[in-house]
Amino acid sequence: MSGAKRFYASIDGEQVEGWVGKDKGGFRASADFRGKPVAVRGDSESEAIRKWHDKANHMANE
(Lines give C-alpha, C1' and ligand atoms only; values in the text may rest on other atoms or scores of the structure.)
Protein backbone atom coordinates (compact mmCIF):
# COMPACT_ATOMS: atom_id res chain seq x y z
CA MET A 1 0.00 0.00 0.00
CA SER A 2 1.40 3.34 -0.91
CA GLY A 3 0.89 6.39 1.24
CA ALA A 4 -0.96 4.46 3.95
CA LYS A 5 -2.76 6.55 6.55
CA ARG A 6 -3.84 5.52 10.01
CA PHE A 7 -7.53 5.33 10.90
CA TYR A 8 -9.31 4.67 14.17
CA ALA A 9 -12.61 2.92 14.73
CA SER A 10 -14.73 2.01 17.71
CA ILE A 11 -16.36 -1.41 17.33
CA ASP A 12 -18.50 -2.89 20.11
CA GLY A 13 -16.73 -0.72 22.68
CA GLU A 14 -13.24 -1.59 21.43
CA GLN A 15 -10.86 1.00 19.98
CA VAL A 16 -9.13 -0.27 16.84
CA GLU A 17 -6.24 1.27 14.92
CA GLY A 18 -5.92 0.43 11.23
CA TRP A 19 -4.38 1.55 7.97
CA VAL A 20 -5.86 2.64 4.66
CA GLY A 21 -3.93 3.29 1.48
CA LYS A 22 -3.96 3.19 -2.28
CA ASP A 23 -3.57 -0.25 -3.75
CA LYS A 24 -3.69 -1.43 -7.34
CA GLY A 25 -7.36 -1.40 -8.21
CA GLY A 26 -8.47 1.03 -5.49
CA PHE A 27 -7.96 1.46 -1.77
CA ARG A 28 -7.38 -1.11 0.95
CA ALA A 29 -8.22 -0.79 4.64
CA SER A 30 -6.79 -3.27 7.12
CA ALA A 31 -6.60 -3.80 10.86
CA ASP A 32 -6.76 -6.62 13.37
CA PHE A 33 -10.05 -7.06 15.21
CA ARG A 34 -10.22 -9.48 18.13
CA GLY A 35 -7.02 -11.13 17.01
CA LYS A 36 -8.09 -11.66 13.40
CA PRO A 37 -6.85 -9.70 10.38
CA VAL A 38 -9.60 -7.84 8.55
CA ALA A 39 -8.87 -6.35 5.12
CA VAL A 40 -11.27 -4.89 2.58
CA ARG A 41 -11.07 -2.95 -0.67
CA GLY A 42 -13.02 0.08 -1.83
CA ASP A 43 -13.07 2.60 -4.65
CA SER A 44 -12.14 5.45 -2.28
CA GLU A 45 -10.40 5.84 1.05
CA SER A 46 -13.67 6.54 2.85
CA GLU A 47 -15.46 3.60 1.21
CA ALA A 48 -12.67 1.20 2.24
CA ILE A 49 -12.87 2.42 5.85
CA ARG A 50 -16.67 2.14 5.84
CA LYS A 51 -16.49 -1.40 4.47
CA TRP A 52 -13.88 -2.32 7.08
CA HIS A 53 -16.12 -0.92 9.82
CA ASP A 54 -19.14 -2.85 8.48
CA LYS A 55 -17.18 -6.12 8.33
CA ALA A 56 -15.79 -5.71 11.86
CA ASN A 57 -19.28 -4.84 13.15
CA HIS A 58 -20.59 -8.03 11.57
CA MET A 59 -17.83 -10.03 13.27
CA ALA A 60 -18.69 -8.43 16.63
CA ASN A 61 -22.33 -9.46 16.27
CA GLU A 62 -21.72 -13.10 15.33
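In which strand does Asp 23 lie? Asp 23 lies in strand S2, and the legends below start from the surroundings of this residue.

The model is predicted, so that local features need pLDDT of at least 70 and side-chain atom pairs count only at pLDDT 80 or more, whereas totals for chains, interfaces and linings use all residues. Residues are numbered from 1 along each chain as its sequence is written, and side-chain values use heavy atoms, with hydrogens and water left out.

**View 1. Asp 23 and its partners Arg 28 and Arg 41.** Helices (H or I, at least four residues) and strands (E, at least two) are DSSP runs, numbered from the N terminus. Asp 23, in strand S2, is in contact (heavy atoms within 4.5 Å) with Arg 28 and Arg 41, when its neighbours within four places in sequence are left aside. With Arg 41 the side chain of Asp 23 makes a side-chain to side-chain polar contact of 2.6 Å; a polar contact is a pair of N or O atoms within 3.5 Å, and within protein one must be able to donate a hydrogen and the other to accept it, while residues adjacent in sequence count only if both atoms are side-chain atoms. The two arginines are themselves linked, Arg 41 in S4 being the bridge partner of Arg 28.

**View 2. The hairpin of S3 and S4.** Strand S3 (residues 26-33) runs antiparallel to strand S4 (residues 36-42), with seven bridges between them; two strands pair if DSSP finds at least two bridges between them. Within this pairing Ala 31 stands opposite Val 38 in S4. Two residues separate the strands of the hairpin, and Arg 34, in the loop between S3 and S4, has a positive phi of about 55° although it is not a glycine. Most residues other than glycine have a negative phi. At 42% relative accessibility Arg 34 counts as partly exposed, on a scale where buried means under 20% relative accessible area, exposed over 50% and partly exposed in between (1.4 Å probe, protein chains only). In S3 itself, six of the eight residues are buried.

**View 3. The hairpin of S2 and S3, with the loop that precedes S2.** S2 and S3 are paired in the antiparallel sense over five bridges, and Trp 19 stands opposite Ser 30 in S3. Two residues lie between these strands, and Gly 25 in the turn has a positive phi of about 90°. In the loop between S1 and S2, Asp 12 likewise has a positive phi, of about 50°, although it is not a glycine.

**View 4. The largest nonpolar core, seen around Phe 33.** This core, a set of buried Ala, Val, Leu, Ile, Met, Phe, Trp, Tyr and Cys residues joined through side-chain atoms within 4.5 Å, has 15 residues, and those with the most contacts inside it are Phe 7, Ile 11, Ala 29, Phe 33 and Trp 52. At least two residues of this core come from each of strand S1 (2-11), strand S2 (14-23), S3, S4 and helix H1 (45-60). Not counting residues up to four places away in sequence, Phe 33 touches Ile 11, Glu 14, Val 16, Val 38, Trp 52, Ala 56, Met 59 and Ala 60.

**View 5. The buried and exposed sides of helix H1.** Ala 48, Trp 52, Ala 56 and Ala 60 are buried in H1. They cover an arc of only 110° around the axis, which puts them on the same side of H1, the arc being that of the directions from the helix axis to the C-beta atoms. Ser 46 and His 58, on the other side of H1, are exposed. Ala 56 counts as buried because its relative accessibility is 0%, and, leaving aside its neighbours within four places in sequence, Ala 56 is in contact with Ile 11 and Phe 33. Ala 56 and Pro 37 are 19 residues apart in sequence and 9.9 Å apart in space, C-alpha to C-alpha.

**View 6. Ala 4 in strand S1 and Gly 21 in strand S2.** Ala 4 is partly exposed, with a relative accessible area of 33%, and, leaving aside neighbours within four places in sequence, Ala 4 is in contact with Trp 19, Val 20 and Gly 21. Gly 21 is buried, with a relative accessible area of 1%; Gly 21 and Ala 48 are 27 residues apart in sequence and 9.0 Å apart in space, C-alpha to C-alpha.
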